[in-house]
Amino acid sequence: MNHLSNNSFTHLRIYAFTLWSISDQSMQNKPNLPDNQMNITSVNTTNYEPQTMNHTNKNKPKTKPIKPNFFLFLTFLCPGYNLTMQDWTIQKLLNWVTQYLTEKAIDSPRLSAELLLSYVLELKRIELYTQFDKLVSKQQLDILHNLVKRAGQNEPIAYLTGKTEFYSLQLEVNPDCMIPRPETELLVERAIEFLRKRSGTQFVCDLCTGCGCIAVAIARNFPDARIIATDISASALDIAAQNIEKYNLKDKIALLCGDLFEPVIPQLDVEKFDLIVCNPPYVSAAEYEKLDKNVKDYEPRLALYAGQDGLDIYRKIIEKADEFLKPDAALMLEIGYAQGPAVKKLLETTGIFAEIKIEKDPHNNDRIEIAKKLS
């Protein structure tokens with residue numbers, strides 16, 4: 001090294017130190033997941049974080065969340081930043097979005113990542129895995145960036161994509177209606193079982209239909225049903241109409257806007273019903289204040305809140321049920337996990353039901369109440 005000048009030697013030392021710093025920084029920011037799980041090629045970067053920032057521990061979480069690679073973080077959250085230096089494949093994006101949503105404590109982060117990517121890329125979920133190495137365009141990255149950021153702020157994935165799965169159906173949803181829950185499928189299942197034991201055309205009333213999930217699921221699985229579905233929200237009924245049209249059920253389901261039975265005209269619309277089903281608002285005042293952020297801040301209060309004790313809508317339905325039920329017909333209600341005894345008492349008080357049954361969901365919570373009218 002005698003032929004090198006002192007100045008050149010100094011430059012070499014600086015260069016070597018820089019390489020060491022880059023390598024050290026890369027290791028510090030490497031995602032805390034096994035390489036075979038992340039399947040993301042490591043990229044050595046310099047530290048792009050401003051050196052003037054005050055690195056205090058004031059805002060650091062007490063736990064140690066998984067930290068994504070800083071380069072990937074900057075590239076993804078700033079779509080116009082260094083995109084030419086990083087090719088984003090479906091596999092890399094799936095891993096990164098899952099990691100990001102995990103850090104944000106979002107429920108089912110992998111599923112959420114799959115749903116968002118499927119929506120942006122217009123692919124089925126299974127196709128994400130058969131096209132792992134497919135490159136994602138900058139335009140698609142920009143769209144995904146916005147959706148992932150909103151998902152990280154607890155906005156429901158169903159509202160971000162405008163659709164959800166219910167009873168093996170893909171339904172349209174938006175913030176004007178509540179997102180159907182898997183637990184409500186039990187109500188649909190029992191309704192279909194009841195109708196299949198009867199002969200001839202069966203007249204069904206679906207109260208508080210929302211996006212029409214219950215009405216559409218019943219009509220798709222029991223062709224002899226003729227359904228009147230009501231809701232107090234005209235905006236929710238617009239979504240229900242889209243789902244009815246999507247599955248070609250306009251000749252089987254009629255939508256009426258109004259409060260519960262209010263828009264139904266006896267003799268004109270139907271004489272009486274063989275079955276009344278309803279998943280009403282049933283959240284009490286105390287429960288409403290404790291709802292998860294992704295529910296309370298985004299889903300319509302009108303579809304959730306039901307007075308101080310959460311029983312207001314049940315009282316109104318049960319008070320009118322006798323006028324709209326045929327002999328030997330059934331009333332089926334979804335209920336809150338602690339409302340079984342209270343709703344059963346309301347039903348017993350009417351004296352019109354021969355049998356009242358509370359059924360639990362797969363999580364062993366009270367979920368539906370089935371009351372069969374006296375013959």
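Angles between axes count as roughly parallel under 35 degrees, as roughly antiparallel over 145, as roughly perpendicular from 65 to 115, and as oblique in the rest of the range. The axes themselves are lines fitted to C-alpha atoms, for helices over the stretch in contact, and the angles run from 0 to 180 degrees between N-to-C directions.

The structure described here is a predicted model, in which local features need pLDDT of at least 70 and side-chain atom pairs count only at pLDDT 80 or more, while totals for chains, interfaces and linings use all residues. Residues are numbered from 1 along each chain as its sequence is written, and side-chain values use heavy atoms, with hydrogens and water left out.

**The chain as a whole**

The chain has 15 helices and nine strands, where helices (H or I, at least four residues) and strands (E, at least two) are DSSP runs numbered from the N terminus. Of the 375 residues, 46% are buried, a term that means under 20% relative accessible area, with exposed meaning over 50% and partly exposed lying in between (1.4 Å probe, protein chains only). Among contacts (heavy atoms within 4.5 Å) between residues at least 6 apart in sequence, 65% join residues at least 24 apart.

**A helix pair**

Helix α4 (residues 90-103) packs against helix α7 (residues 138-152) at an angle of about 20°, their axes being 10 Å apart; α4 and α7 are therefore roughly parallel to each other. On the α4 side, Leu 93, Trp 96, Val 97, Tyr 100 and Leu 101 meet residues of α7 that include Leu 141, Leu 144 and Val 148.

**Strand pairs**

Two strands pair if DSSP finds at least two bridges between them, and the table lists three such pairs.

| Strand pair | Sense | Bridges |
|---|---|---|
| β1 and β2 | antiparallel | four |
| β7 and β9 | antiparallel | five |
| β8 and β9 | antiparallel | seven |

In the pair of β1 and β2, Lys 163 stands opposite Glu 172 in β2. Strand β2 (residues 169-172) has a covered face with Leu 169 and Leu 171, whereas Gln 170 and Glu 172 lie on its uncovered face. Two residues lie between the strands of this hairpin, in which Tyr 167 takes a positive phi near 50°.

**The seven-stranded sheet**

An open sheet of seven strands, with mixed pairing, follows the order β5-β4-β3-β6-β7-β9-β8. Its edges are β5 (253-257) and β8 (353-360), each of which has a single partner strand, so one side of each is left without a neighbour in the sheet. From one strand to the next, the twist averages 15°.

Helix α14 (residues 312-324) packs on this sheet and touches β3 (202-207), β6 (273-278), β7, β8 and β9, its direction making about 160° with that of β7. Helix α15 (residues 340-350) also packs on the sheet, touching β7, β8 and β9, and its direction makes about 170° with that of β8.

Within the sheet, Met 332 has Ile 370 in β9 as its bridge partner, and Phe 353 has Lys 373 in β9 as its own. The hairpin of β8 and β9 has five residues between the strands, and Asn 364 there takes a positive phi near 65°.

**Lys 326**

Lys 326 is found in strand β7 and counts as partly exposed because its relative accessibility is 26%. Leaving aside neighbours within four places in sequence, Lys 326 is in contact with Phe 203, Lys 272, Phe 273, Asp 274 and Lys 373. Lys 326 and Lys 373 are 47 residues apart along the chain, and their C-alpha atoms are separated by 7.7 Å.
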